[in-house]
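Biologist: I'd like to go through this one with you, question by question. Ready when you are.

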Amino acid sequence: MASFLRARQAGVQNDLSAGITQGMFAAEVLVRYGINSQISSLAYDPVQSLLAIGTAASQYGPPKIYVFGAQRVVRTFTPQTSASSSSLVSSTQPPLAIRHLAFVANRLVSVDSRNQLAVWDLQSQVSDDTKPAAKTTYGRVACVTTDPGLDWVFVGLQQSGGEVFAYDLDRERPAVGFRLPCFWTGRSGPGAARPVGLGLGPNLVGLKLHPRDIGKMLIAYDRGAVIYSFKQNALERSFEYILPAGAPGGDGMGVEKERRPKLVQATWHPTGTFILTAHEDGSLVFWDPKDGRVVAARSIYRTHINEATKGGATLTHTPLTPFGPIKWCCKASNPDDTALLIAGGQTPDDPDKGLTFLDLGPTPIYATSSWEVLTNHFEAKQRLTLPIPPGAHVADYCLIPRTSPFYDGAQDPVAVLVLLTSGELLTLSFPSGYPITPTNTLHPSLSFVHPFVHKVNVCAMRRERWLSFVETRNKGDPILQGGGPAPRRRAAPARREQRNIVQVAHADGTVRVWDLGFDDEIENPQQLQVDVARALGRFEDVSVTSLAMASATGEMAVGTGKGEVVVWRWGANRVYGREGEDGGGGKEEKKKPGGLTDVSDRAEPSLKDGLQPLVLYEAPAPGGAVSVVAVSDVGFVAAGFESGAFAIIDLRGPSVMFQAATVAEFVGKGKEEKRSSFLRGSSSKSPAAKEFPTAVEFGVLTLEGDGYSSIACFVGTNLGHVATLKILPAGGGYKAQPAGVAKCGGDKVVAICPVNVDTGKSAAATGVAVAGLREGRQVHGVLVVATQTEARIFKPASAKGASRSFDDQFCDTARVVEVPGSTSGGTALVAIFGDRTARAYALPSLKELGRVSLPILDPARTTSAVLSPAGDLLAWTGPSELAVLPLWSGSNSGKAAPASGGLADELINPDLTLPPRPTISNLQWMTGTQYVSPTDLDLLIGGEDRPPGKRMLAAAAAERKGMQQGQGQAGQAGQQEGWGSYLSRQIQERTERLTMVDDAMSKLQETSQGWADEVNKFVRKQKRDAVLGSVKKGLF
């Protein structure tokens, strides 16, 4: 009965929700964008062009591993844990996190903070990404190292003084019989006799394989570093940094006595010529690996810090920030041309915070250079800083090499992806340090933390219009180019023709616009970008508080926290290729409160065609943040401010067609106030709370008491008023005049939806609807208004209508949506509440059609949820993760589904193969360095009983194929060769080659010795002749 009465009170004769049943209202997660929690690790594969990101467990879910490829390609791996998600986050211990990630061939290796090593198969397209190909658990893992060309993972433990174990990736099990003890306690040399107290043994801090000679590994302890030889199965060299009394060291502490600063990490020179150790006092020490001597010691700022000062010079204590990752980079054309990229080691008050780049230049030839030349080499040609935002700190970084995965991922990098302690990402060019936008260079999910997102909005745009929105911009190649999307079916026609276009505002003032999709084939996956800071003419204190986009025209408006509204329009850039007068942000024009400023010359110089800034509007005094903006499809932009001001801009001029310093000028409390002039304001006593606009919508319909339809602007306030402004032609433009006010409770208005009562469709101000006004067409419609505590349907401007209260919870957002799949194309009111539920109400009866619980939503951000016209909910499931949930998934609305039976995106391109691993040079080989191949290392670590790995078999198959092509039947016979025979033959051939080389060297030695003997004979003969000649001359 109540539903029947509400329908009569609303004055709507048709059942607009006919054909909608309760079973249709159901929610499911369609797709997620963003990162679920704090990022804890990074890894990049330059061969397949993939980026892996690991996260930590939080209240929003377990740790995850994301692998991103080109455009929208992504795979998510969730490590299995025996504990529940809530127990993964404890106040007594750090949350479970992915500590280490590494790409090895077509596998991804992960190690979490609970010491579990897992191997993930990237070639598999099975959609179940919770089961790794293999996993094992060690003790307390201190460090891990891998090599792209090897099938081994070396794991260093914290207990037992720092033992090292190996994991066989090919056999997916720990290596049997391989265990390296702590070499520091058993070494010989200076400092070896120092006693080690109970529980005070050396701690393992790092492992690094030699970049060229895989037969050596650098093992770093907190007391020093050692080189281990796989060939000799023994310690080869040790390094301990000792500062004499009077030497400043890195931070200048304790100079009056001898010190041994703790080592925090160690790495190789790209060719293995030197070793670098970094210490907790800020020292960077360069070693000669041949004899263990210190070549040079420096900090980021000073050199020769290991030498005692002369003349009793006073030294000041300079605290330095702890070192983060350190990479020894090299060029592709010349690996001896190197540089260091250092995180940390700076003074806390250094104004140039960021990553330090030390350009060392070409490495001197070790065999022919003096010790002074080698020492001076590490004074560096120049020192640069790759800047980060003020107040931020570097937690980790990942280099983006051009092609090679070797040299510790530091050969010929083109960019660096920086992880800040806040959890945000920053992409910088290398080595210049210029910021690189993630727009169209990284996956959209990465942009949610690049930087964080402040505001989100969505509009429905026709497919043809969106396909025409393709930017023309000067930009580099995308960073991620690997993988390919899984085959997907096309969405149902209704969804395919209306695309959900999302506008995402970031903390740096950047707004990105892109197609959310329906888990279907996205025809235009490109992102659009606008720079709010540049349009404002300043880069400080730019905070986006509201944004909106027109569905038909693509015009977009953005409101800021300082009361500015900037409008963008699609077009060509008239200042393309050159900086505008104030486009760089250094010059800000004089403010024009209540006026318009042309900002078309503040377009980005690199953007040729795209969304260009058009006009800037500033709030009239006293200003205030923008509370709401709305953009119509017929050229009107409305903006409300927290100060109570309101304005309507006509973009045809552009011009300000209506402006009020406070909403009290046109918002009254009844028909008496409606009939009074808004210029006189309200005669009643002002409310205690300041009233300001919270919701705005444009529509075309017939207002109460009119015999014609007109364009109207509906303004809802925080006190529950809904004012109607009638927009009428005036001369060559338009004017707006108040038409009335309706009272909808006393709470904040969250949604205003004009509805055509004849069709149930939206009565928004579209081009078709406005064109019909010239022909005298009338649109009979009502307003559906949702406040925090009630829903109301009434005929504007001031009819009472019908209402329904929300008794138990506050409504955070609402919208009238067209239900896909209903037999009569019905519409319903959908509302999202603070208790994380979604409810649907019939129109006009406001009868509840269904209720869905949404436990995955972040309870602190339900007010930021957004509903699309198609009934899709965009809601936050965490600080940086947005979920898209169709709320009518029970209606068989034609949601797109994978056409290949639920296969995930493809990550690995089998045609891209790993390049050959760098090896020792001829000079190194001639000076006694024994070459160790990956096959030899497999034999040294796995033993003779280990069957050949997949790589070994592939190499054997390739060799047999070559033999078959070159030798005919001989190659066919070789195909029957077993792995044991193959291995024996390889060892025999290698022995024969070494014997031949040994013979050649012996002959060379004999020839050289013979030549030397002949030279000695000649010299002795010349001396004898000279003596005899002088004697003869004296006698005769």
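**Cores, odd backbone spots and rings**

Modeller: Bear in mind that this is a predicted model. Let's start with C713: setting aside residues up to four places away in sequence, its contacts are A638, F646, I648, V696, E697, F698, A723, T724, L725 and I727.

Biologist: Which residues touch the most other members in the largest nonpolar core, and how many residues does that core have?

Modeller: C713 is among those that touch the most other members. The others named with it are F646, I648, F666 and F698. As for the size of this largest nonpolar core, the count is 43 residues.

Biologist: How many residues are in the other core, the one with L150?

Modeller: That core lies apart from the one around C713. Its members include L150, L180, I219 and Y221. Its count is 26 residues.

Biologist: On to the open sheet: which strands stand at the edges?

Modeller: The sheet has 4 strands, paired antiparallel, in the order β47-β48-β49-β50. An edge strand here has a single partner, so one of its sides is left without a neighbour in the sheet. That describes β47 (749-756) and β50.

Biologist: By how much are neighbouring strands of this sheet turned against each other on average?

Modeller: Direction is ignored for this angle. The average comes out at 15°.

Biologist: What is the bridge partner of I793 in β50?

Modeller: β49 and β50 pair in the antiparallel sense, over 4 bridges. For I793, the partner in β50 is A802.

Biologist: Where is the cis peptide bond with omega near 20°?

Modeller: Most peptide bonds are trans. This one leads into A797, which sits in the loop between β49 (790-794) and β50 (802-805). The bond runs from P796 to A797.

Biologist: And which residues are joined by the cis bond with omega of about 10°?

Modeller: Look at the loop between β53 (837-842) and β54 (848-853), where P844 is found. The cis bond there joins L843 and P844.

Biologist: Is L846 buried or exposed?

Modeller: L846 lies in the loop between β53 and β54. Its phi is positive, about 60°, although it is not a glycine. With buried meaning under 20% relative accessible area, the 0% of L846 makes it buried.

Biologist: What is the relative accessible area of E172?

Modeller: E172 is another non-glycine with a positive phi, about 55°. Its place is the loop between β12 (164-168) and β13 (173-174). E172 counts as partly exposed, with a relative accessible area of 40%.

Biologist: Now the rings: what is the centre-to-centre distance for F286 and F378?

Modeller: The structure holds 28 aromatic pairs. The F286 and F378 pair is stacked, with 20° between the planes. Their centres are separated by 4.1 Å.

Biologist: How many residues apart are F286 and F378?

Modeller: F286 is in strand β20 (residues 284-287), while F378 is in the loop between α2 (371-377) and β25 (382-387). F286 is buried at 0% relative accessible area, and F378 is buried too, at 1%. The pair links distant parts of the chain, 92 residues apart.

Biologist: What does UniProt list for residues 268-297?

Modeller: The ends of that span have C-alpha atoms 15 Å apart, and the span is 0% helix and 47% strand. The label comes from an unreviewed UniProt entry, which gives it as "repeat: WD".

Notes:
Residues numbered from 1 in each chain as written. Predicted model: local features only at pLDDT ≥ 70, side-chain atom pairs only at ≥ 80, totals over all residues. Heavy atoms only, no water. Core = buried A, V, L, I, M, F, W, Y, C linked by side-chain atoms within 4.5 Å. Buried < 20%, exposed > 50% of the residue type's maximum accessible area, 1.4 Å probe, protein only. Contact = heavy atoms within 4.5 Å. Helix = DSSP H or I, 4+ residues; strand = E, 2+ residues; numbered from the N terminus. Pairing = 2+ DSSP bridges. Axes fitted to C-alpha atoms, helices over the stretch in contact; angles between N-to-C directions. UniProt positions renumbered as here; feature names shortened; annotations may be inferred. Phe/Tyr/Trp six-rings, centres within 6.5 Å; stacked < 30°, edge-to-face > 60°.
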